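Visitor: I am new to this structure. Please take me through one part of it, closely and step by step.

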Amino acid sequence: MITDRKLTFYHAAPSRGNTVHWMLQELGIDFDVKMIDIRKGEGQKPQFLAINPLGKIPAIVHGDTVVTEAAAICCYLADSFPEAGLAPALDDPKRGAYLRWLFFSPSTVEPALVDHAMGRETGDRSMVSYGDWDSFLSVLLDVIVKADPWIMGTDFSTVDVVLGGAVRYGRMFDLLPQNPVFDDYIARINARPAYLRMQEIDAPYVAAVMSA
Ligand SMILES: N[C@@H](CCC(=O)N[C@@H](CS)C(=O)NCC(=O)O)C(=O)O
């Protein structure tokens, strides 16, 4: 466990920062938060560009280690705080499936949802990271229908935070079709105390964005 280093979380809500915030709440560790007002362009200021040259939220600084990209941050945190049990150990046979579905989210689900939102889910399926929409959806549904109750089985893991967060987002904005398989899984996420804590803490920031 790496507890001796200061952990600073660069966050904006609502944003992909919510995934990392949920992860931090699941871990139950101490951290400092720096809110970055991305809607006012604070992510593009030199202080933050020094952390993430893309100017994107989320990011963490843990001691001297900088991590950006929501899935990479969650993967890093799970391995840095193994006592929380959110990742199989390196030599656990489950590690392969864990990494596979963890990175399925940013590599496959996100491009599919963005293309779907923009009405451009066409093209050469060998070039498109998710193949084609129908094949992608059938694989995603198969992963979620087998979640019993979580994607890695009985134990909740980082995969549920990252891929579960993407599924929840996809349903919230109607990018994924209504389906009881998604709804039942999302209901399980919604009942997690750490998820509720994240939502409660972020609520004032979300409300400010919604009323702007
Ligand atoms: N690939 C990045 C994407 C991060 C991202 O797009 N963040 C958005 C908020 S959800 C952002 O910072 N937008 C502000 C901007 O681009 O100026 C990740 O997964 O963390």
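Guide: Start with the make-up of the shell around the ligand: 4 nonpolar, 2 polar and 3 charged residues. Keep in mind that this is a predicted model.

Now put names to that shell. Ser 15 and Arg 16 belong to it, and so do Ile 38 and Gln 44. Lys 56, Ile 57 and Pro 58 are there too, along with Glu 69 and Ala 70. As for the site itself, the ligand sits in the largest pocket.

Next, look at the polar side chains. Take Arg 16: an N or O atom of its side chain is 3.0 Å from a ligand oxygen. Lys 56 also has a side-chain N or O atom facing this kind of partner, with 2.9 Å between that atom and an oxygen of the ligand. With Glu 69, the ligand atom is a nitrogen. A polar atom in the Glu 69 side chain lies 2.6 Å from that nitrogen. Then consider cover. On its own, the ligand has 520 Å² of accessible area, and the protein covers 75% of it.

One last stop, beyond the ligand: the cysteines. A search of the whole structure finds 0 disulfides. Cys 74 is in none, and its nearest cysteine sulfur belongs to Cys 75, 8.7 Å away. A disulfide needs two cysteine sulfur atoms within 2.5 Å, so a pair 8.7 Å apart does not count. Cys 75 is likewise in no disulfide, with the sulfur of Cys 74 as its nearest. Cys 74 has 0% relative accessibility, so it counts as buried. Cys 75 is buried as well, at a relative accessible area of 11%.

Notes:
Residues numbered from 1 in each chain as written. Predicted model: local features only at pLDDT ≥ 70, side-chain atom pairs only at ≥ 80, totals over all residues. Heavy atoms only, no water. Near = heavy atom within 4 Å. Polar contact = N/O pair within 3.5 Å; in protein donor to acceptor, adjacent residues only side chain to side chain. Areas by Shrake-Rupley, 256 points an atom, 1.4 Å probe, with all protein chains shown as cover. 1 Å grid on protein atoms, 1.4 Å probe; cavity = no way out; pocket = protein on both sides within 12 Å on 5 of 7 lines; lining within 4 Å. Sits in = over half its atoms within 2 Å of the grid points. Nonpolar A, V, L, I, M, F, W, Y, C, P; charged D, E, K, R; others polar. Buried < 20%, exposed > 50% of the residue type's maximum accessible area, 1.4 Å probe, protein only.
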